[in-house]
Amino acid sequence: MNPTVLVIEDEVSLSRLLSRVLEEEGFHALVENRGDRGLAAAVAAPPDAVVLDLSLPGMDGLQVCRELRRRELRMPVIMLTARDAVPDRVRGLEAGADDYLVKPFAIEELIARLRAQLRRAGGPVERLTVADVVLEPGARRARRAGKELRLTAQEFDLLEFLIRHRGQVMSRQRILDHVWGYAASPASNVVDIYVHYLRHKVDHDHAVKLIETVRSVGYVLRP
C-alpha cells in the first residue's frame, strides 16, 4: 500500500504541485488548506506523514503540530516555512516537527526527506537498481559496476529522479520542478549542465550508456 501523505498548505499553486509530485512518486496525497481542517483530517484518519506549512489560516502550523503530539499522533511531520531565522526553526522542532524546509525548496529534497523520515519510522531500507547502477537514497550512495560514484547533492537528486522514472522521457521542465524546485526559472539551462556532469560520472567509462537525450524534449534513463 502506498504511504499516505497529508499536505496542509494554503498556497494553492504549491499544494497542487506537491500533490501531483507525491502521486507521481508513489505516495497517496491528501491536501487541506487550513490548519484546523488539516488537524481534523489527521485525527480522523492518521496519515503516514504530514507536510505542514507554518503560516496557515484557522490554526497555524505550530498549533497543529503541538496538537498532533498532544493527541499522541507520532507520524513524521515536515514543516515548511518562508522564515529562515534560527528561532523560527527551533520553535518548529520544539513543537514536535521532525524536519524543516525553508521556501523555496527543491521538491526532490522534500521527497527525499519524506522517505528518510518514513524509513526511520520503520520502513525498509530502499535500494534502486538500473543495469549495474545501485542507488541507496537513505545513505545518499550510488555505485556503478561496484564502483562508488562521487556525486554532488544535485547530481544525486537528478540521478535518483531519472532512475525512479526509468524508461520514461522526462522533460527539462519536469526535471527542473522536481530537482530544483517550483521557484526555479524555466529559462535556466541548469538541467542540461547537470545532465552533462552526471553523464561524465555515470556513463563516461562504460560501454553501455544509460542516459539518453531525446531531441527537443528532454532526457531518459534506459534500463
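Student: Which residue is the bridge partner of Val214 in strand 12?

Tutor: Happy to start there, and do keep in mind that this is a predicted model. Strand 11 covers residues 211-214, and it pairs with strand 12, residues 218-221, in the antiparallel sense over four bridges. One of the residues of strand 12 is the bridge partner of Val214, and that residue is Gly218.

Student: Which residue in strand 12 stands opposite Glu212?

Tutor: Stay with the pairing of strand 11 and strand 12, which is antiparallel. Strands of a sheet pair through backbone hydrogen bonds, either parallel or antiparallel. Opposite Glu212, in strand 12, stands Val220.

Student: Which residue in the hairpin of strand 11 and strand 12 takes a positive phi?

Tutor: Look between the two strands, where the hairpin has three residues. One residue of this hairpin has a positive phi near 70 degrees, and that is Ser216.

Student: Which strands stand at the edges of the sheet with the order 10-12-11?

Tutor: This is an open sheet of three strands with antiparallel pairing. An edge strand has a single partner strand, so one side of it is left without a neighbour in the sheet. That description fits strand 10 (170-171) and strand 11 (211-214).

Student: What angle does the direction of helix 8 make with that of strand 11?

Tutor: Helix 8 packs on this sheet, where it touches strand 11 and strand 12. The direction of helix 8 and that of strand 11 make an angle of about 150 degrees.

Student: How many aromatic pairs does the structure hold, and which residues form one aromatic cluster?

Tutor: There are two aromatic pairs. In one of them, Trp180 and Tyr194 meet edge-to-face, 5.4 Å centre to centre with 65 degrees between the planes. This pair links distant parts of the chain, since Trp180 is in helix 7 (residues 172-180) and Tyr194 is in helix 8 (residues 190-202), 14 residues apart. Tyr194 also pairs edge-to-face with Tyr197, at 5.3 Å and 75 degrees, and the cluster is Trp180, Tyr194 and Tyr197.

Student: How far apart in helix 8 are Tyr194 and Tyr197?

Tutor: An α-helix has 3.6 residues a turn, so residues three or four places apart point the same way. Tyr194 and Tyr197 both lie in helix 8, with a spacing of about one turn, which is three residues.

Student: Is Trp180 buried or exposed?

Tutor: Residues count as buried under 20% relative accessible area. Trp180 has a relative accessible area of 17%. Because that value falls under the cut-off, Trp180 is buried.

Student: Which residues in helix 7 are buried, and what covers them?

Tutor: The buried residues in helix 7 are Ile175, Leu176, Asp177, His178, Val179 and Trp180. Just after this helix, Gly181 takes a positive phi of about 105 degrees. What covers the buried residues of helix 7 includes helix 1 (12-24), helix 5 (107-120), helix 6, strand 10, helix 8 and strand 12.

Student: Which element gives the largest share of the lining of the second largest pocket?

Tutor: The second largest pocket has a volume of about 180 Å³. Two elements give two or more residues to its lining: strand 9 (147-148) and helix 8. Residues lining the pocket include Lys147, Glu148, His200, Lys201 and Val202. The largest share, three residues, comes from helix 8.

Student: Which residue is the bridge partner of Leu135 in strand 8?

Tutor: This takes us to an open sheet of four strands, in the order 6-7-8-9 with antiparallel pairing. Its edge strands are strand 6 (128-130) and strand 9, each pairing on one side only. Four bridges join strand 7 (residues 133-136) to strand 8 (residues 141-144). In strand 8, the partner of Leu135 is Ala142.

Student: Which helix packs on the sheet with the order 6-7-8-9?

Tutor: The helix in question touches strand 6, strand 7 and strand 8. Its direction makes about 115 degrees with that of strand 7. The name you want is helix 6 (residues 153-164).

Student: Is Thr4 buried or exposed?

Tutor: Thr4 lies in strand 1 (residues 4-8). Leaving aside neighbours within four places in sequence, Thr4 is in contact with His28, Leu30, Pro47, Asp48 and Ala49. At 17% relative accessibility, Thr4 counts as buried.

Methods:
Residues are numbered from 1 along each chain as its sequence is written. This is a predicted model: local features need pLDDT of at least 70, side-chain atom pairs count only at pLDDT 80 or more; totals for chains, interfaces and linings use all residues. Side-chain values use heavy atoms; hydrogens and water are left out. Rings of Phe, Tyr and Trp (its six-membered ring) pair if their centres lie within 6.5 Å; planes under 30 degrees apart count as stacked, over 60 as edge-to-face and the rest as tilted. Buried means under 20% relative accessible area, exposed over 50%, partly exposed in between (1.4 Å probe, protein chains only). Contact means heavy atoms within 4.5 Å. Two strands pair if DSSP finds at least two bridges between them. Axes are lines fitted to C-alpha atoms, for helices over the stretch in contact, and angles run from 0 to 180 degrees between N-to-C directions. On a 1 Å grid over the protein atoms alone, a cavity is a set of points where a 1.4 Å probe fits but cannot get out, and a pocket is an open set with protein on both sides within 12 Å along at least five of seven lines; lining residues have an atom within 4 Å of a point. Grid points are joined across faces, edges and corners, and a volume is the space filled by probe spheres set on the points.
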